[in-house]
Amino acid sequence: MAARLALRGIAVGYLGLLLALPVGLVFYRAFEDGLVAFWDAVTTPEAMHAFWLTCAMVAVAVPLNTLFGVLCAMVLVRQSFRGKAVLNAAIDLPFAVSPVVIGLALILVYGREGWVGEVLIENGIRVIFSPVGMVLATIFISLPFVAREVAPVLREIGTEQEQAAETLGAGPWQSFLRITLPAIRWGVAYGVVLTTARALGEFGPILVFSGATRMRTEVLPTTVFLELSVGNLEAAVAVSLLMVAAALIVLVIVRVYGMEAPSARVKRP
Amino acid sequence: MAISYLSVIALIPLAAVLARSTENGLDGFWAAVSNPQAWAALRLTLIASLIVVFVNAVIGTLIAWVLVRDEFRGKGLVNSLIDLPFALPTIVAGLTLLALYGPDGPFGVNVAFTRFSVVLALLFVTLPFVVRAVQPVLLELDREAEQAAESLGAGRLTVFRRIILPSLAPAVIAGCGLAFARAVGEFGSLVLITGNLPFKTQAASVFIFAQVESDDVTGAAAVSTALLTISFVVLLGFGRLARKAVQDGG
């Protein structure tokens, strides 16, 4: 019993010191000077602009990556072709590569001296230091989640039901919509949650590729970075709190719907 | 279609990094990587990541154990809290740590701008990997073998070492591999709390950022390639360890 309590104490203590206390303190700091001060800090023109820009990034990147993720999972599970193993490994690259390196990689292709950057600029398309580039960076960083969550579910459900539907005269599109999609919906949902969290949270590639120009390429994490760089802790904390709140909402959604990562449920080899 | 999307977004840009890193030949690559500041940054990243992986292996397994085998009030809350580092923007992770363990911290504990802060930030962002890898395995673990061993007179430690650990080892190693990959590349949480002092607290990712800022793209690409190589080699090592653990665990 004593050993059990000791283990519990270590686990809870570690989590408390590393997670709960720091996050709790941000709540405290954000409201230290009252609600008005907090409200003023998050409604500055810069913060508002960053907020809407962040929403726009998520609104573009998440649907695209969801589409790609489902497609990719279907290809990986249902088809066999040469180089499948390579594709399988390549999908995980955005996890394995540093966010800064992702930003650099985009510069080298789409930047001023990049492989296609010059052609694009001549045609009036500016990717670097522009919202287009930010979308690209956001897509890159949150690419693998949906595919990674959907693939194990697809493997689990097999193809029997789809084949049955097809024998009964359903077209491939119909059998996908009526059979496959309902079966993988929780995998998709969990993937979307993870994609959104990552798209909101990882600003490394955006910072490197698109810079941190106020009111132009500033997303919410950039605001925190910029405010803190000039020593404005209050504003940084207030904006952070918005994102902490968003993170907590994500956790609650996952919990309320009892979603569990399908990728974690499947036994590892 | 899936492949072309992946290529445009991810593969071609990464290939560009590799191509650019050797633009000035292998000598140029080597000169950029062995520049003392780059070297120090790479070393710091590697050592800090290994420390973090080790701590995670121990404490992550312990937390997973407590979450599966123990019962106490608020366990559900603790369980949800584990995923917080995944849901939280990395820059906010850095800020929260800075608020508590920085110069204005309420307990007078100030680790900001020290090497320990690098480890602390990395511990924060990598927390869920080992816990979430071990938890499902522990849930499905057959307790009969443990009970049998205990009834045959094995002590708790022996049961853990001989029965439980071999079954958990592949999951622990898999979690460690993910945590390592994340730690090596981490940027957002480090940029605030470490102060980015060259030779002292500047991690490789932050060093690359500084190089891009000062327009040394080729140097940045070289260090990036070195970083990619390191994480690739270590991940291969983890993969080999995991396979060995599966064989040993029967």
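# Two helical chains and the contact between them

Helix α1 of chain A and helix α6 of chain B are roughly perpendicular to each other, a term for angles of 65 to 115 degrees, whereas those under 35 count as roughly parallel, those over 145 as roughly antiparallel and the rest as oblique. The model is predicted: local features require a pLDDT of at least 70 and side-chain atom pairs count only at pLDDT 80 or more, while totals for chains, interfaces and linings use all residues. Residues are numbered from 1 along each chain as its sequence is written, and chains are lettered from A and ligands numbered from 1 in the order in which they are written.

**The two chains**

Chain A has 15 helices and zero strands, and chain B has twelve helices and zero strands. Helices (H or I, at least four residues) and strands (E, at least two) are DSSP runs, numbered from the N terminus. The C-alpha trace of chain A spans about 70 × 65 × 30 Å along its principal axes; for chain B the span is about 65 × 45 × 40 Å.

A residue is buried if 20 or more other C-beta atoms, placed from the backbone, lie within 10 Å of its own, exposed if there are 12 or fewer, and partly exposed in between. By this rule 46% of the 269 residues of chain A are buried, and 51% of the 250 residues in chain B.

Two residues are in contact if their C-beta atoms, placed from the backbone, lie within 7 Å. Among contacts with a separation of 6 or more, residues 24 or more positions apart account for 74% in chain A and for 78% in chain B.

**The contact between the chains**

Chain A contributes 68 residues to the contact and chain B contributes 65 residues. Helix α1 (residues 2–31) of chain A supplies the largest share of the chain A side, 17 residues. That side consists of 57 nonpolar, four polar and seven charged residues. Here Ala, Val, Leu, Ile, Met, Phe, Trp, Tyr, Cys and Pro count as nonpolar, Asp, Glu, Lys and Arg as charged, and the others, Gly among them, as polar.

Where α1(A) packs with helix α6 (residues 90–101) of chain B, the angle is about 85° and the axes are 8 Å apart. Axes are lines fitted to C-alpha atoms, for helices over the stretch in contact, and angles run from 0 to 180 degrees between N-to-C directions. From α1(A) the residues involved are A:Leu21, A:Pro22, A:Val23, A:Leu25, A:Val26 and A:Arg29, and from α6(B) they are B:Leu95, B:Thr96, B:Leu97, B:Ala99 and B:Leu100. Nine residues of this helix pair's contact are nonpolar, one is polar and one is charged.

**Core and domains**

A nonpolar core is a set of buried Ala, Val, Leu, Ile, Met, Phe, Trp, Tyr and Cys residues joined through C-beta atoms within 7 Å. In the largest such core, of 168 residues, A:Leu104 and B:Leu95 touch the most other members. Domain 1 (1–32) and domain 2 (34–265) of chain A both give residues to this core, so the core lies between them; these domain bounds come from an automatic or database domain assignment. Beyond its neighbours within four places in sequence, B:Leu95 is in contact with A:Val26, A:Val224, A:Leu228, A:Ala236, A:Val237, A:Ser240 and B:Leu192.

The centres of the two domains of chain A, taken over C-alpha atoms, are separated by 30 Å. Six residues of domain 1 are in contact with eight residues of domain 2. The domain 1 side of this contact has five nonpolar, no polar and one charged residues.

**Helix α13 of chain A**

Eight of the ten residues of helix α13 (residues 220–229) of chain A are buried, including A:Val224, A:Phe225 and A:Leu228. The buried residues of α13(A) pack against α3 (45–78), α11 (172–201), α12 (204–210) and α14 (233–256) of chain A, together with α6 and α10 (190–193) of chain B.

**Positive phi angles**

Most residues other than glycine have a negative phi. The following residues take a positive phi.

| Residue | Phi | Place |
|---|---|---|
| A:Met215 | about 65° | loop between α12 and α13 of chain A |
| A:Gly231 | about 80° | just after α13(A) |
| B:Phe113 | about 65° | loop between α6 and α7 (115–140) of chain B |

A:Met215 is exposed, with 11 C-beta neighbours inside 10 Å, whereas B:Phe113, with 17 such neighbours, is partly exposed.
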